[in-house]
Amino acid sequence: MTHPRKSLDSVIHAPVRFSIAAALASVDESDFRTLRDAIEITDSALSKQIALLEEAGYVKVRKGFVGKRTRTWLSLSPKGRTALTRHLAALQEIASGTPPMGDTD
C-alpha cells in the first residue's frame, strides 16, 4: 500500500502556492492586486510564486491595459485544477485515514 503523502503535489504543497491555487480555483480569473490582497503577501512574493506555478503549467497569466496602466490577470489552468483536486484528495486521505503508530484497534 502506498501512503497518500506520495500523491501530494510538491509544486502546490508550499503554503503560499497552495493559497494561490485555492484562491484561483474559486474564480474564473483574478487580477494580480486582488489576489495579492486576498492571500496577504507582497507583490514580489506573489510574482515569484506565480512564476513557479506558471512554469509548472498550473497558472495562466494574461497581461493587458486598463487605460494606460498595465494589468495582470491570473487563472488556474485545467492542469492546475486537476493538480489541486488531486492534492486536496491526498490531504483528505491523510487526515482521515491512517491510524496512529502502535494503534492496533
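## Reading the helices and two outlying residues

User: Where does E40 lie in this predicted model, and why does E40 count as exposed?

Analyst: In this predicted model, E40 lies in the loop between helix 3 and helix 4. Its relative accessibility is 70%, and since exposed means over 50%, E40 counts as exposed.

User: What is notable about the backbone of E40?

Analyst: E40 takes a positive phi of about 55° although it is not a glycine, and this happens just after helix 3.

User: How do you know that the buried residues of helix 3 are on the same side of the helix?

Analyst: In helix 3, which spans residues 32–39, the buried residues are F32, L35, R36 and I39. They cover an arc of only 100° around the axis, and therefore they are on the same side of helix 3.

User: Which elements do these buried residues pack against, and what is found at the start of helix 3?

Analyst: The buried residues of helix 3 pack against helix 2 (15–25), strand 1 (30–31), helix 4 (43–55) and strand 3 (69–76). At the start of helix 3, a side-chain oxygen of D31 comes to within 3.2 Å of the backbone nitrogen of R33, and a pair of N or O atoms has to be within 3.5 Å to be a polar contact.

User: Why is helix 3 called roughly perpendicular to helix 4?

Analyst: Helix 3 and helix 4 pack at an angle of about 105°, with their axes 10 Å apart. Angles of 65 to 115 degrees count as roughly perpendicular, and that makes helix 3 roughly perpendicular to helix 4.

User: Which residues meet where helix 3 packs on helix 4, and of what class are they?

Analyst: From helix 3, F32, L35, R36 and I39 meet D43, L46, S47 and I50 of helix 4. By class, this contact of helix 3 with helix 4 has five nonpolar, one polar and two charged residues.

User: What makes helix 2 and helix 4 roughly perpendicular to each other?

Analyst: The angle at which helix 2 and helix 4 pack is about 75°, and their axes are 10 Å apart. The range for roughly perpendicular is 65 to 115 degrees, and helix 2 and helix 4 are therefore roughly perpendicular to each other. On the side of helix 2 the contact is made by V16, R17 and I20, and on the side of helix 4 by L46, Q49, I50, L52 and L53. By class, the contact of helix 2 with helix 4 has six nonpolar, one polar and one charged residues.

User: How do you know that the buried residues of helix 2 are on the same side of that helix?

Analyst: R17, I20, A21 and L24 are the buried residues of helix 2. The arc they cover around the axis is only 95°, which puts them on the same side of helix 2.

User: Why is R5 called partly exposed, and how far is R5 from A90?

Analyst: R5 is found in the segment before helix 1 (10–13). Its relative accessible area is 47%, and because partly exposed covers the values between 20% and 50%, R5 is partly exposed. R5 and A90 are 85 residues apart in sequence and 6.4 Å apart in space, C-alpha to C-alpha.

User: What makes E93 partly exposed, and how far is E93 from T70?

Analyst: E93 has its place in helix 5, residues 78–97. With a relative accessible area of 45%, E93 is partly exposed. E93 and T70 are 23 residues apart in sequence and 42 Å apart in space, C-alpha to C-alpha.

Note on methods: Residues are numbered from 1 along each chain as its sequence is written. This is a predicted model: local features need pLDDT of at least 70, side-chain atom pairs count only at pLDDT 80 or more; totals for chains, interfaces and linings use all residues. Side-chain values use heavy atoms; hydrogens and water are left out. Buried means under 20% relative accessible area, exposed over 50%, partly exposed in between (1.4 Å probe, protein chains only). Helices (H or I, at least four residues) and strands (E, at least two) are DSSP runs, numbered from the N terminus. The arc is that of the directions from the helix axis to the C-beta atoms. Contact means heavy atoms within 4.5 Å. A polar contact is a pair of N or O atoms within 3.5 Å; within protein, one must be able to donate a hydrogen and the other to accept it, and residues adjacent in sequence count only if both atoms are side-chain atoms. Axes are lines fitted to C-alpha atoms, for helices over the stretch in contact, and angles run from 0 to 180 degrees between N-to-C directions. Angles under 35 degrees count as roughly parallel, over 145 as roughly antiparallel, 65 to 115 as roughly perpendicular and the rest as oblique. Ala, Val, Leu, Ile, Met, Phe, Trp, Tyr, Cys and Pro count as nonpolar, Asp, Glu, Lys and Arg as charged, and the others, Gly among them, as polar.
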